[in-house]
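Subject: Structure handover

Hello,

Here is the structure you asked to take over. My notes on it follow below.

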Amino acid sequence: MLHRFANPTRFLRLSRRVEPWALGLMLICMVSGLYFALFASPVDYQQGHTVRIMYIHVPAAWMALFCYTAMAAASAVSLIWKHGVADVAAKATAPIGAAFTFLALVTGSLWGKPMWGTWWVWDARLTSVLVLFFLYLGYMALRSAFDDPARGAKSAAILSLVGFVNVPIIKFSVDWWNTLHQPASVMRMSGPTIHGDMLLPLFLMAGAFQLYYFWLVLVRMREALMAQRLRALRQRQAAA
Amino acid sequence: MHPHIKKNRDDIVSNTDSILSMTEHGAYVWPSYGIVTLVLVGLVVFSLRVLKNTRAELDRAEALRERDQDET
């Protein structure tokens with residue numbers, strides 16, 4: 001299955017077929033999610049309207065972790081099997097993951113000020129997510145720091161695998177240390193502690209963000225594969 | 001109309017009124033949604049622009065290669 005899509009032509013053919021569906025579904029989820037999140041969901045009895053920040057903050061934080069996991073997995077496949085399309089997937093994922101991590105940090109800060117009375121605290125959850133953001137930036141900087149794209153890709157792939165240790169730290173930081181950040185309230189063994197009226201917009205927005213990633217990563221991968229072909233053509237023309 | 005549905009509609013209308021007028025914590029909610037929109041739309045616009053430029057350059061390079069092949 002994995003090796004079937006190692007062929008860029010086959011991957012591009014499939015990608016062009018899937019992209020419009022992903023985009024359409026994403027728009028449906030996004031519009032309905034925003035409607036429920038902003039207008040048709042209840043106000044929290046303690047947090048008031050600030051609870052609406054949850055519908056973008058939590059999915060952005062989930063996506064920050066998901067994108068890093070996807071990037072590390074693609075990097076591993078690229079290192080072990082020399083899978084060119086996997087390397088392109090890791091490269092295309094990095095800026096999207098960085099964007100979601102940035103959004104999780106900013107929206108968390110905007111939620112923290114009215115609820116905690118502060119924009120920022122150096123607790124384990126917030127600090128480890130900030131480290132995640134720097135890992136994304138480091139990955140992108142390292143990739144472009146080499147004249148030889150293959151060496152840059154290999155170095156960045158190793159960095160992403162080493163940095164993966166931060167993902168479980170983020171997930172369990174609220175259980176391992178005393179943090180101002182609240183513990184998990186959706187992905188728990190005993191089930192979510194959030195009311196169904198609030199879970200609906202939360203899951204719709206999470207679906208929209210997931211589809212946004214899926215669609216955009218395909219677009220960015222298509223561009224990266226075209227850029228690879230362009231580089232190869234120019235090298236051939238220069239050699240001739 | 002079923003009284004439960006009527007009540008829900010009333011709740012939605014009152015929610016809409018209060019959040020649009022930015023009562024309570026609207027000053028934190030709207031900037032959050034604003035920055036999410038800005039970043040996500042910005043990344044899409046940037047990615048599509050790069051794709052368009054790369055495609056145009058690739059088309060030019062392939063046309064050049066075909067012309068060279070025809071000449072030889």
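Buried residues account for 8% of the 72 residues in chain B. The model is a predicted one, which applies to everything in this message. Chain B has two helices and zero strands.

Contact between the chains

Chain B puts 29 residues into its contact with chain A, and chain A puts in 34 residues. On the chain B side, the elements that give two or more residues are α1 (3–20) and α2 (26–71). The largest share there comes from α2(B), which gives 23 residues. Sorted by class, this side of chain B consists of 17 nonpolar, seven polar and five charged residues.

Arg52(A)

One residue of chain A that touches chain B is Arg52(A): its contacts, leaving aside residues up to four places away in sequence, are Ala37(A), Leu38(A) and Val29(B). Arg52(A) sits in the loop between α1 (8–38) and α2 of chain A. Is Arg52(A) buried or exposed? Arg52(A) has 29 other C-beta atoms within 10 Å, and 20 or more are enough to count as buried, so Arg52(A) is buried. Its C-alpha atom is 8.4 Å from that of Ser41(A), although Arg52(A) and Ser41(A) are eleven residues apart in sequence.

Helix α2 of chain A

The loop that holds Arg52(A) leads to α2 of chain A. Helix α2(A) covers residues 54–81, which is 28 residues, and at 1.5 Å a residue it should span 40 Å. The C-alpha atoms at its ends are 40 Å apart, so the expected span and the model agree. After α2(A) comes Lys82(A), with a positive phi near 50°.

Helix α2(A) packs against α5(A) (residues 149–163) at an angle of about 130°, and the two axes are 9 Å apart. The pair therefore counts as oblique, because an angle of over 145 degrees would be needed for roughly antiparallel. The crossing of α2(A) and α5(A) is left-handed. From α2(A), the contact is made by Met71(A), Ala72(A), Ser75(A), Ala76(A), Ser78(A) and Leu79(A); from α5(A), by Ala157(A), Ser160(A) and Leu161(A). Of the residues in this contact, six are nonpolar, three are polar and none is charged.

Ala145(A)

Ala145(A) belongs to the loop between α4 (124–143) and α5 of chain A. Its C-beta neighbours inside 10 Å number 11, and a residue with 12 or fewer is exposed, so Ala145(A) counts as exposed. Ala145(A) and Ser155(A) are ten residues apart along the chain, and their C-alpha atoms are separated by 9.8 Å.

Helices α1 and α7 of chain A

The other helix pair in these notes is α1(A) with α7(A) (residues 196–239). What is the angle between α1(A) and α7(A)? They pack at about 150°, with axes 7 Å apart. An angle over 145 degrees counts as roughly antiparallel, and α1(A) and α7(A) are therefore roughly antiparallel to each other. Their crossing is left-handed. The contact of α1(A) with α7(A) is made up of 24 nonpolar, four polar and two charged residues.

Regards

Key: Residues numbered from 1 in each chain as written. Chains lettered and ligands numbered in written order. Predicted model: local features only at pLDDT ≥ 70, side-chain atom pairs only at ≥ 80, totals over all residues. Helix = DSSP H or I, 4+ residues; strand = E, 2+ residues; numbered from the N terminus. Contact = placed C-beta atoms within 7 Å. Nonpolar A, V, L, I, M, F, W, Y, C, P; charged D, E, K, R; others polar. Expected span 1.5 Å × (residues − 1). Axes fitted to C-alpha atoms, helices over the stretch in contact; angles between N-to-C directions. Parallel < 35°, antiparallel > 145°, perpendicular 65-115°, else oblique. Left-handed = near helix turned anticlockwise from the far one by under 90°.
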